[in-house]
Amino acid sequence: MTPNSLREPDLATFENPLQAAQTLAHELVGILAAALQARGAATLAVSGGRSPKLLFDELARSRLDWSRVTVTLVDERWVDPASGDSNERLVRERLLTRHASAATFVPLKTRADHPAEAVEERSRTLQALLAGADAVVLGMGEDGHTASLFPRARGLAEALDPAAAPALAAIEPPVAPHARLGMNLAALLAARHVALLVQGTQKGAMLTAEARAARADNPLPIDALMLHRTRPLRMYWSP
Ligand SMILES: O=C(O)[C@H](O)[C@@H](O)[C@H](O)[C@H](O)COP(=O)(O)O
């Protein structure tokens, strides 16, 4: 175990999910505005699932020059974008509205039958963003997955290689539904800021230094992120 694996991420706890969403939205807007000022453009990669819904609402009504912001997904389930399981649909409905409707959205889902067939083309299209997104918003499952880095998934070892080139990876979760296309660990680590937005007592307990130390010999994908990070990773937890 390296000392790094015991370092607590910057942990912010909130009374409820709305407070967490408001704080994170405010911070993301600051990060994106600073990127716009420094580089004239900004990039944001977000997760799907339930956790970021309130965050998306807050971001959508935030004032920012969204026309110079590119938004993509950290991961996508390989379903039709009209499906209720589509992360793209969630982002279009909850994030890319109001002020944020001016942002450019780059989807991960293509017409390919399987995400493996889309890896190369989507990785090329998103090359610059994958090599250093201004901000990435992650969630975490109760099995310790983050993005689509699912424990025991086929293709996980390659996707978790911190020395790999930042890219997208095709993942087949062993239990969760749908094949996925998502950022590999190297791409998550390359982001300038990473926010981990989690809700619930069980997930909170999984993220303590003690819990992580107790499974150090058998780390989960979320542990790999914390172990290898060199950039700020801030955790936003609420019950
Ligand atoms: O598409 C996905 O499934 C997500 O990107 C995934 O990584 C998510 O963040 C976690 O599964 C947490 O999901 P909840 O927010 O729904 O708990």
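**Notebook: a sheet and its neighbours**

I started at one residue pair: Ala 195 stands opposite Arg 234 in S10. Worth jotting down straight away: this is a predicted model.

**Entry 1, around Ala 195.** I wanted the strands on either side. Six bridges join S9 to strand S10, residues 233-238, and the two run parallel. Then I looked for the bridge partner of Val 137 in S9, and that turned out to be Ala 195 too. Val 137 led me to strand S6, residues 135-138, which is joined to S9 by three bridges, again running parallel.

**Entry 2, how covered is S9?** Strand S9 spans residues 194-199, and six of its six residues are buried. Which residues sit on each face of S9? I found Val 194, Leu 196 and Val 198 on one side, with Ala 195, Leu 197 and Gln 199 on the other. Both faces are covered, Gln 199 included.

**Entry 3, the whole sheet.** Next I stepped back from S9. In what order do the seven strands of the open sheet come? I read it as S1-S10-S9-S6-S2-S3-S5, with parallel pairing. At the edges I have strand S1 (10-13) and strand S5 (104-106), each pairing on one side only. Neighbouring strands of this sheet are turned against each other by 20 degrees on average, ignoring direction.

**Entry 4, on from S6.** I followed the sheet to strand S2, residues 42-46, which runs parallel to S6 and is joined to S6 by three bridges. Here Ala 45 stands opposite Val 136 in S6. Then I checked what packs on the sheet: helix H2, residues 17-39, does, and it touches S1, S2, strand S3 (69-73), S6, S9 and S10. The direction of H2 makes about 155 degrees with that of S10.

**Entry 5, a helix pair.** I moved to helix H3 (residues 53-60) and helix H4 (residues 87-95), which pack with their axes 8 Å apart at an angle of about 45 degrees. That angle makes H3 oblique to H4. Which residues meet there? From H3 I noted Lys 53, Phe 56, Asp 57, Leu 59 and Ala 60, and from H4 Val 91, Arg 94 and Leu 95. By class, I have five nonpolar and three charged residues in this contact, and no polar ones.

**Entry 6, the record.** Last, I looked up UniProt: an unreviewed entry lists residues 19-225 as "domain: Glucosamine/galactosamine-6-phosphate isomerase". In the model, that span is 37% helix and 16% strand, and its end C-alpha atoms lie 25 Å apart.

Methods
Residues numbered from 1 in each chain as written. Predicted model: local features only at pLDDT ≥ 70, side-chain atom pairs only at ≥ 80, totals over all residues. UniProt positions renumbered as here; feature names shortened; annotations may be inferred. Axes fitted to C-alpha atoms, helices over the stretch in contact; angles between N-to-C directions. Parallel < 35°, antiparallel > 145°, perpendicular 65-115°, else oblique. Contact = placed C-beta atoms within 7 Å. Nonpolar A, V, L, I, M, F, W, Y, C, P; charged D, E, K, R; others polar. Buried ≥ 20, exposed ≤ 12 C-beta atoms within 10 Å, placed from the backbone. Pairing = 2+ DSSP bridges.
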